[in-house]
Amino acid sequence: MTSNSAPARRRTLPSVSDLDALTGDRDRVIDLIRLTSLVVVIAGHSVMLTVAVEPEGIVLGNLLADIPMLQAVTWLLQVLPLFFFAGAAAATYGLSSRPTTSTGHWLLTRAQRLLRPVFWYLLAVAGTALVAVALGADAVADVVARLGVQLLWFLGAYLLVLAVVPGLQRISTQRHVVGALGLAWGATAAVDVVRLSTGWQGIGYVSFLTVWSIPAILGVAYAKRLVTPIAAASGAAVFLVLDIMLVAAGPYEVSLVTVPGQELSNMNPPSLLLAGHAIVLCGIAIAAARVLASMVGRARVWWWVAVGNRGAMTLYLWHLPVLALLIGAGELIGLSRDPGQDPVLFAVVVGTQTVVLLALMVPVVAALSPLENRELLWWDGPVGRNAGRARDRVVVAALVVTGVATLMMARDGLLGDGLVWAGLSVGGAVIARSVAVRSAP
């Protein structure tokens, strides 16, 4: 028995045909949307980043600020709403198979998987910053501490949205879908009116929940088959026209990502324009679901999608460090990302490095994704399916604190107040895990 089981343990990935057979009843469209959205985001980050080496140091810039006419392209590249859409749909499938699971304990099982790779990533970021300080490279340490955690805002927002997904399961009719969307879109509009008319920017943080709940609502609706392709396409067309009107009438900027010099960012905090954009993207996804299903129904395509999803968070977390190393290597051999150089050479360098980045992420994810899928001692202990109402509410509240604190930590970096937010984020996760009921051995 030992000799027969050893090779099985070494082989961690199933063959194309085996995986196709084992996952025949899975909604592959959701996994395709999840992975594709991350790949587009990574490519977008690479294309937009500019680097200029000045006498005072390295200056990071944004191509969209240098060439404003390109900002309209973000309406194609800003696809993160689709990740929330896919996550909510997948969660709906999971909740329907375990209808008696307590809300907080279900949320903790999702957080266990979501936050596991963050643990290793933060260790690497903090370790790199400490090494830089020890070597006297304070400027490098500052950049690592700030930029190294900037993208974690996404995980904080995603955790907050997951917290409301169980409540969204009450959506059971088309009227419910329209009502929920109207409530979220209307609340976002109200927030924008208040912050634009009074200058109270703090209220904008409410939009992290209202805006990112919109793709979650549509993800639930998709999983429950409550929206027809025709209705989805019609809704997408209506909100596309509405978004164009919002930009034309003002005060919304064209760019759907933050650009230096903007008077009003559509991303931080999320704006009404981004809320409408989320409806457009999700409507297109629902309308195109049959075509996407045909694409991912091919066994080899599905193999790549399924394997890629096993390391989705690794892909997201580590692409910027890999991009930084790639750009640094390019600078050493004279391949600069300085937008002030010859435009053709700049385009060739950026395009080539973007393709190389996507190719490099394959072995990087293969090497690091085992950390994402390997259970952590204590944190990944089994969670009971049911608990008392009070205990369950504590778990939910603690994980909401983790989500909010992660958002704030991403804003401030691992410096000053950011360290306090990091402590609150970790503390919320520890409390949730400690309070949760464990399954019987």
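1. A salt bridge, as the term is used here, is a side-chain nitrogen of Lys or Arg lying within 4 Å of a carboxyl oxygen of Asp or Glu. In this predicted model, the side chains of D142 and R146 satisfy that description, with 3.2 Å from N to O. Both residues belong to helix α8 (residues 138–147), where they are four residues apart, or about one turn of the helix. An α-helix has 3.6 residues a turn, so residues three or four places apart point the same way. D142 counts as partly exposed because its relative accessibility of 32% falls between the limits of 20% and 50%, and R146, with a relative accessible area of 42%, is partly exposed as well.

2. Before going further, a reader new to the structure should consider how confident the prediction is. The protein chain has an average pLDDT of 92, and 97% of the residues score at least 70. Where in the chain is confidence lowest, and where is it highest? The lowest mean, 43, belongs to helix α1 (residues 2–10), whereas helix α13 (residues 272–287) has the highest, at 98. Over residues 1–10 the pLDDT is below 50, and this stretch has zero contacts in the model beyond near neighbours in sequence. Where pLDDT is low, the predicted coordinates should not be read in detail.

3. The structure holds eight salt bridges in total, and one of them joins D380 to R116, with the closest N and O atoms 2.9 Å apart. This pair links distant parts of the chain, since D380 sits in the loop between α17 (343–373) and α18 (389–412), while R116 is in helix α7 (residues 103–134), 264 residues away. Are these two residues buried or exposed? D380 has a relative accessible area of 8% and is therefore buried, the limit being under 20%, and R116 is likewise buried, at 8%.

4. Further salt bridges can be described in the same terms. The side chains of D412 and R411 meet at 2.9 Å, N to O; D412 is buried, with a relative accessible area of 17%, whereas R411, at 44% relative accessibility, counts as partly exposed. Elsewhere, R26, D31 and R34 are linked in a network of salt bridges.

5. Helix α6 (residues 80–97) deserves a check of its geometry. At 1.5 Å a residue, its 18 residues should span 26 Å, and because the C-alpha atoms at its ends are 27 Å apart, the model agrees with that expectation. The helix is mostly covered, with 14 of its 18 residues buried.

6. Which residues touch the most other members of the largest nonpolar core? In this core of 120 residues, they are F85, W153, F154 and W212. Helix α9 (residues 153–168) supplies the largest share of the core, twelve residues. Leaving aside residues up to four places away in sequence, W153 touches L80, F208, W212, M267, Y316, L407 and A410.

7. The aromatic residues add to this picture, the structure holding 15 aromatic pairs. In one of them, the rings of F83 and Y158 have centres 5.3 Å apart and planes at 65°, so the pair is edge-to-face, a class that requires an angle over 60 degrees. Because F83 lies in helix α6 and Y158 in helix α9, the pair ties together parts of the chain that are 75 residues apart in sequence. F83 is buried, with a relative accessible area of 3%, and Y158 is buried too, at 6%. A second pair, F84 and W212, is stacked, with 4.5 Å from centre to centre and 20° between the planes. That pair also links distant parts of the chain, F84 being in helix α6 and W212 in helix α11 (residues 207–223), 128 residues apart. Both F84 and W212 are buried. Taken as a group, F83, F84, W153, F154, Y158, W212 and Y316 form one aromatic cluster.

8. A final point concerns A366, which is found in helix α17. Its relative accessible area is 53%, and A366 is therefore exposed, the limit for that class being over 50%. The C-alpha atoms of A366 and R310 are separated by 9.6 Å, although the two residues are 56 residues apart along the chain.

Terms used: Residues are numbered from 1 along each chain as its sequence is written. This is a predicted model: local features need pLDDT of at least 70, side-chain atom pairs count only at pLDDT 80 or more; totals for chains, interfaces and linings use all residues. Side-chain values use heavy atoms; hydrogens and water are left out. Helices (H or I, at least four residues) and strands (E, at least two) are DSSP runs, numbered from the N terminus. The expected span of a helix is 1.5 Å times one less than its number of residues. Buried means under 20% relative accessible area, exposed over 50%, partly exposed in between (1.4 Å probe, protein chains only). pLDDT is the predictor's confidence in each residue, from 0 to 100. Contact means heavy atoms within 4.5 Å. A nonpolar core is a set of buried Ala, Val, Leu, Ile, Met, Phe, Trp, Tyr and Cys residues joined through side-chain atoms within 4.5 Å. Rings of Phe, Tyr and Trp (its six-membered ring) pair if their centres lie within 6.5 Å; planes under 30 degrees apart count as stacked, over 60 as edge-to-face and the rest as tilted.
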